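Trainee: Could we go through a structure together? I'd like to learn how to read one step by step.
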Amino acid sequence: MRIILVERHAMTREATALLLQTLAVDVTVIGATTASEAFSLLTHYKEVDLLILDLGICDLDGDVAIENFQQISPDTPILILADHDSSVLVTELIKRGVAGYISKSDSSHDLSCAVKVVLSGEIYLPPRYINCSSATEKISVTKPKNSPIESKLTPRQHEVLQLVVEGKSNKGIARDLNISEATVKLHVSAVLRILDAQNRTEAVNIAMRIGLIRQGMLQ
């Protein structure tokens, strides 16, 4: 897996690269400090799995950089890193075709989740924007009606996932579905494996971000 990381601050770039390299044994992170460097890298490497772009790069306007990157390598998803955070910014970026957005104030765990979601072919939004209609409007148009991951879940696993999202314990899920706790644990383990999640919290975040659980199901 090859990732190009465009980040103007050396310390942030190095720390982010170290984190990305823990995601899988075959991850190669290539750093760039400017859009110009990244353009050259995208031209040189024919296969790039992900481009992570610091929106504040100093040598080119962020919007122009995004457009140029998309022209050079249209199949490479772009995950945006931004210094500031607003629903208006997120909405505009999604409309421009980026695959995800994360603020530099978010945690390393959030970044890991973002990369996994984007690499799975879905659009990533921070949890705080899941219920933001303006930010999710574009996603409802661009995301496939049925997620590829959704087709891998059995109806029972989907029910278990819904209850996990609602904060139910294994005991509570077992009671609601009239099954044993041991069976619940098996279903939860299967859901985590399908979503490539390390724990229930990460599974909830991924499920919400890729649309497996919709707002109406939580009310």
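Mentor: Let us go from the overall fold to one residue and then to a cavity, keeping in mind that this is a predicted model.

Trainee: How many helices and strands are there in the protein?
Mentor: The secondary structure comes to 10 helices and 5 strands, and buried residues make up 49% of the 219 residues in the protein.

Trainee: Okay, where does threonine 76 lie?
Mentor: Threonine 76 lies in the loop that runs between helix 3 (62-72) and strand 4 (78-82).

Trainee: And why does threonine 76 count as buried?
Mentor: Threonine 76 counts as buried because its relative accessibility is 10%, and buried means under 20%.

Trainee: Which residues does threonine 76 touch, not counting those up to four places away in sequence?
Mentor: With that exclusion, threonine 76 touches Leu42, Val48, Asp49, Leu50 and Leu51. A polar atom of the threonine 76 side chain lies 3.2 Å from the backbone oxygen of valine 48, and a polar contact of 2.5 Å joins the side chains of threonine 76 and serine 73.

Trainee: New topic: what volume does the largest cavity have?
Mentor: The largest cavity has a volume of about 40 Å³, and the count of cavities of 30 Å³ or more comes to 1.

Trainee: Which residues line the largest cavity?
Mentor: The lining is made up of Val160, Leu161, Val164, Val188, Val191, Leu192, Arg200 and Ala203, which divide into 7 nonpolar, no polar and 1 charged.

Trainee: And which helices each supply at least two residues of that lining?
Mentor: Helix 7 (155-165), helix 9 (181-195) and helix 10 (200-209) each do so.

Technical notes:
Residues are numbered from 1 along each chain as its sequence is written. This is a predicted model: local features need pLDDT of at least 70, side-chain atom pairs count only at pLDDT 80 or more; totals for chains, interfaces and linings use all residues. Side-chain values use heavy atoms; hydrogens and water are left out. On a 1 Å grid over the protein atoms alone, a cavity is a set of points where a 1.4 Å probe fits but cannot get out, and a pocket is an open set with protein on both sides within 12 Å along at least five of seven lines; lining residues have an atom within 4 Å of a point. Grid points are joined across faces, edges and corners, and a volume is the space filled by probe spheres set on the points. Helices (H or I, at least four residues) and strands (E, at least two) are DSSP runs, numbered from the N terminus. Ala, Val, Leu, Ile, Met, Phe, Trp, Tyr, Cys and Pro count as nonpolar, Asp, Glu, Lys and Arg as charged, and the others, Gly among them, as polar. Buried means under 20% relative accessible area, exposed over 50%, partly exposed in between (1.4 Å probe, protein chains only). A polar contact is a pair of N or O atoms within 3.5 Å; within protein, one must be able to donate a hydrogen and the other to accept it, and residues adjacent in sequence count only if both atoms are side-chain atoms. Contact means heavy atoms within 4.5 Å.
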